[in-house]
Amino acid sequence: MTPQELFEDAARRPSQVAAHVLDGIRPEVLHAMPGGTANSIAWLVWHAARQQDAQVAALAGTPEVWTAQGWSARFGLDVPGSPTGFGDGPEDVARIRVSSPELLRGYLDAVVDHVVAYVHGLTAAQLDDVVDRSWDPPVTRGVRLVSTVDDAAQHVGQAAYARGLVEDGWSGPY
């Protein structure tokens with residue numbers, strides 16, 4: 001297994017978990033905010049994709065999948081600019097409403113496909129390039145890529161937990 005194949009396996013896991021979380025979900029469960037202020041499942045899956053899309057586009061020097069593939073228009077969110085979810089409060093979370101879980105899944109899958117294609121084109125030396133010196137130690141391209149997958153996995157895991165909180169009797173295949 002090459003490093004790129006290993007990364008691909010890890011990068012695809014959030015999409016696989018999201019597929020289970022979103023399967024058969026009702027709109028009221030998708031948009032429920034546990035406790036009235038916690039992140040909804042819709043926001044968690046959307047943010048898992050948005051953060052990875054924005055960060056990898058910056059690394060790759062390419063447009064975000066969000067705009068380049070028309071996802072922003074398909075989502076039609078009532079939010080200013082090109083949000084990613086970083087720093088969102090309860091009011092911001094409540095504005096992330098989607099027409100279907102398939103829309104969330106499609107966007108996450110498109111982002112993962114873009115990330116995987118990008119990584120498959122990188123050399124070991126490029127993975128070692130320092131991309132952010134504001135951290136100690138400085139962050140390499142490879143470390144940033146792993147960070148985006150970790151962030152996506154955590155948010156999709158939170159979505160699974162939230163579904164279990166909101167929908168009595170639901171449990172994923174985990």
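Which residues are linked with Arg 26 in a network of salt bridges? The partners are Glu 28, Arg 163 and Glu 167, which join Arg 26 in that network. Keep in mind as you look around that this is a predicted model.

**Charged pairs**

Let's stay with the charges for a moment. Side chains of opposite charge can pair when their charged atoms come close. The structure holds 12 salt bridges, and three of them are set out here.

| Salt bridge | Closest N to O distance |
|---|---|
| Glu 28 with Arg 26 | 2.6 Å |
| Glu 64 with Arg 50 | 2.8 Å |
| Asp 109 with Arg 105 | 3.8 Å |

Take the pair from the network to begin with. Glu 28 counts as partly exposed because its relative accessibility is 48%. Arg 26 is also partly exposed, at 40%.

Now for Glu 64 and Arg 50, whose side chains meet in a salt bridge. This pair links distant parts of the chain: Glu 64 sits in the loop between helix H3 (41-60) and helix H4 (65-68), while Arg 50 belongs to H3, 14 residues away. Is Arg 50 buried or exposed? Arg 50 is buried, because its relative accessible area is 0%.

The salt bridge between Asp 109 and Arg 105 stays inside a single helix. Both residues are in helix H7 (residues 101-120), and since they are 4 residues apart, about one helical turn separates them. An α-helix has 3.6 residues a turn, so residues three or four places apart point the same way. Asp 109 is partly exposed at 26% relative accessibility, and Arg 105 is partly exposed at 37%.

**The nonpolar core**

Time to go inside. The largest nonpolar core is made of 48 residues, and Ile 41, Phe 75 and Leu 104 have the most contacts inside it. Helices H1 (3-22), H2 (27-31), H3, H4, H5 (71-75), H7 and H9 (141-166) each put in at least two residues. Which helix gives the most to this core? That would be H7, with 11 residues.

Ile 41 is a good place to look around. Setting aside neighbours within four places in sequence, Ile 41 is in contact with Val 21, Leu 22, Ile 25, Val 29, Leu 30, Ala 32, Ala 159, Ala 162 and Arg 163. Arg 163 is a name you've met already, as a member of the salt-bridge network.

Val 111, in helix H7, is another residue to look up. Val 111 is buried, because its relative accessible area is 1%. Beyond its neighbours up to four places along the chain, Val 111 is in contact with Ala 49, Gln 52, Asp 53 and Val 65. From Val 111 to Ala 68 there are 43 residues in sequence and 11 Å in space, C-alpha to C-alpha.

**Helix H1**

H1 has 20 residues and spans 30 Å from its first C-alpha to its last, close to the 28 Å expected. Where does H1 bend by about 30 degrees? The bend is at Arg 13, and a proline, Pro 14, follows within four residues. The buried residues of H1 include Phe 7, Ala 11, Pro 14, Val 21 and Leu 22. The buried residues of this helix pack against H2, H3, H7 and H9. After H1 comes Gly 24, with a positive phi near 70 degrees.

**Where H3 meets H9**

His 155 is in helix H9, and it is buried because its relative accessible area is 12%, under the 20% cut-off. The side chain of His 155 reaches the backbone oxygen of Asp 151 at 2.9 Å. Not counting residues up to four places away in sequence, His 155 touches Trp 43, Leu 44, His 47 and Ala 48.

Ala 48 lies in helix H3 and is buried, at 0% relative accessible area. Leaving out neighbours within four places, Ala 48 is in contact with Leu 108, Ala 152, His 155 and Val 156. How many residues apart in sequence are Ala 48 and Asp 151? They are 103 residues apart, yet 6.8 Å apart in space, C-alpha to C-alpha.

**A cis bond**

One last stop. Most residues other than glycine have a negative phi, and most peptide bonds are trans. The peptide bond from Asp 136 to Pro 137 is cis, with omega near 5 degrees. Pro 137 is in the loop between strand S1 (130-132) and strand S2 (139-140).

Key:
Residues numbered from 1 in each chain as written. Predicted model: local features only at pLDDT ≥ 70, side-chain atom pairs only at ≥ 80, totals over all residues. Heavy atoms only, no water. Salt bridge = Lys/Arg side-chain N within 4 Å of Asp/Glu carboxyl O. Buried < 20%, exposed > 50% of the residue type's maximum accessible area, 1.4 Å probe, protein only. Core = buried A, V, L, I, M, F, W, Y, C linked by side-chain atoms within 4.5 Å. Contact = heavy atoms within 4.5 Å. Expected span 1.5 Å × (residues − 1). Bend = angle between axes of the 7 residues up to and from the residue. Polar contact = N/O pair within 3.5 Å; in protein donor to acceptor, adjacent residues only side chain to side chain.
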